[in-house]
Each structure stands twice: as C-alpha cells, then as structure tokens.
Amino acid sequence: MSRPEKNIKYGIIALLIILGVSTRFLFLVPGFESIANFTAIGALCLFSGAYLSRKQAILLVLGVMWATDLFLNNVVYAAYYESFQWHGNIWVYLALAYVVILSRWFLKFVTAPRIMMAAFLGALVFFLLTNFESWIRLPEYTKDLDGLLQAYSGALPFLKNTLISNMVYSFVLFGVYEMALRGTRVLIPSLVRSR
C-alpha cells in the first residue's frame, strides 16, 4: 500500500470513528430519548478489531468509552453522583475489549456474513457479561439462578437494541470504508499519473 493510500485509509478510519463516537450521544437529541443502547460502540469494536492492531483497537475503544463516560457521568448524569466520576463500569470496558478480541479472530476475512455473525456474537457477549455483573452487584437480584435469569430477562430490550445497532452501524462502517477504499484505489493512480 502506497503512502497516499495509507494516509487516506487512516483518514477514513478517523472519520468513521468520529461518526461512531457521536452516536453515543444520540439519545440526547430530541426525538431520540427513548433509544437505549442504540450506539455504534459495538460496531466500532468490530471495525477497529478488523482494521487496526489489537493494541490500537483496544486502546481506541476503551479510550472512546472512557472519554464519553467522563462527559456523560459528570455532565448529563451529574445529579446521580455525589462526586466526580473518573470512569464508567469496568465490566462494560472488559466486555468491549473482549468484543474487539473476538472481532480480530472472527473478521480476519471481512465478508458480509462474517460481519453479521460478529455483530450478533458481539451483542451477545456484551449482554451476557454486563448483565452478569448487574446480577452480582445489584441487590434487587437474588444471588441464585432465579435472580440471574431475572437480570437477563429484564435486559432483553437492551439486547435487541444492541443487536440491531451492531448490525446497522457495522454495515455502515464497513460499507463506507470499503467503498471509500475502492474510490481511492481509482483516484490514487490517476493522481500519480497527473504529476
């Protein structure tokens, strides 16, 4: 890959990351308040896991979550906390890191069926890990199988939104990226010839 192609590739990735991050605040837009968990964070895990190194992808996703959590917890949800919140839920961060690792393995070859399967598995992994943590931490759930099932069943609407958003945003991120790369492959040779 030539240097101009590499620069364009990382420029496209940066723009798509900004798009992905902005969806974390979608529920603040009037008319979108009721959309819970409809963000591109899961798709960002898959996308960065497929196209960046493991270290870059994990640092990117966790950095995005941490920075947006700082804003959300200390500005949007400040009334719910007694002091400044330096981080979000550690289990959420672990689940996202695990989804990045899963995508690195599953999306070695990026195809539409693999993207769909990775989006489904990513949503499922995130759902299972984060709601297991809710069962452990929250006193309203009894610490037995019934309590665990109650924690999971109560979170099913969130799973639906996470799954749909993973699929929609994954196809947007991967699709735009591939179309942009194809366009640059046509553009770069003509730029080189014109010099």
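**Exercise 1. Leaving aside its neighbours within four places in sequence, which residues is V64 in contact with?**

*Solution.* The structure is a predicted model, and the steps below are read from its atoms. Begin by placing the residue: V64 lies in helix 3, which spans 54-76. Next, set aside the neighbours within four places in sequence, and the contacts of V64 that are left are V21, I41 and L44. Then consider exposure: the relative accessible area of V64 is 11%, and because buried means under 20%, V64 counts as buried. Finally, look along the chain, where V64 and R24 are 40 residues apart, although their C-alpha atoms are separated by 9.6 Å.

**Exercise 2. Find the buried residues of helix 6 and explain on which side of the helix they lie.**

*Solution.* Start with the list for helix 6, residues 145-154, in which G147, L148, A151 and Y152 are buried. These residues cover an arc of only 135° around the axis, and therefore they lie on the same side of helix 6. A general rule helps in reading such a pattern: an α-helix has 3.6 residues a turn, so residues three or four places apart point the same way. To complete the picture, turn to the other side of helix 6, where L145 and D146 are exposed.

**Exercise 3. Describe the aromatic pairs that F174 forms with F47 and with Y51.**

*Solution.* A search of the whole structure gives 14 aromatic pairs. In one of them, the rings of F47 and F174 are 5.4 Å apart centre to centre with 80° between the planes, an edge-to-face arrangement. Since F47 belongs to helix 2 and F174 to helix 7, this pair ties together parts that are 127 residues apart in sequence. Both rings belong to buried residues, F47 having 1% relative accessibility and F174 having 2%. Now take Y51 and F174, whose ring centres are 5.7 Å apart and whose planes stand at 45°, so the pair is tilted. Y51 lies in helix 2, so its pair with F174 in helix 7 joins parts 123 residues apart in sequence. As a last step, gather the rings: F47, Y51, F174 and Y177 form one aromatic cluster.

**Exercise 4. What lines the largest pocket, and which helix gives the most to the lining?**

*Solution.* First take the volume, which is about 1300 Å³ for the largest pocket. Its lining has 45 residues, and those closest to the centre are R24, N37, V92, F126 and F158. Sorted by character, the lining divides into 24 nonpolar, 17 polar and 4 charged residues. Several helices supply at least two residues each, among them helix 2, helix 3 and helix 7, while helix 5 gives the most, with 9 residues.

Notes
Residues are numbered from 1 along each chain as its sequence is written. This is a predicted model: local features need pLDDT of at least 70, side-chain atom pairs count only at pLDDT 80 or more; totals for chains, interfaces and linings use all residues. Side-chain values use heavy atoms; hydrogens and water are left out. Buried means under 20% relative accessible area, exposed over 50%, partly exposed in between (1.4 Å probe, protein chains only). Helices (H or I, at least four residues) and strands (E, at least two) are DSSP runs, numbered from the N terminus. The arc is that of the directions from the helix axis to the C-beta atoms. On a 1 Å grid over the protein atoms alone, a cavity is a set of points where a 1.4 Å probe fits but cannot get out, and a pocket is an open set with protein on both sides within 12 Å along at least five of seven lines; lining residues have an atom within 4 Å of a point. Grid points are joined across faces, edges and corners, and a volume is the space filled by probe spheres set on the points. Ala, Val, Leu, Ile, Met, Phe, Trp, Tyr, Cys and Pro count as nonpolar, Asp, Glu, Lys and Arg as charged, and the others, Gly among them, as polar. Contact means heavy atoms within 4.5 Å. Rings of Phe, Tyr and Trp (its six-membered ring) pair if their centres lie within 6.5 Å; planes under 30 degrees apart count as stacked, over 60 as edge-to-face and the rest as tilted.
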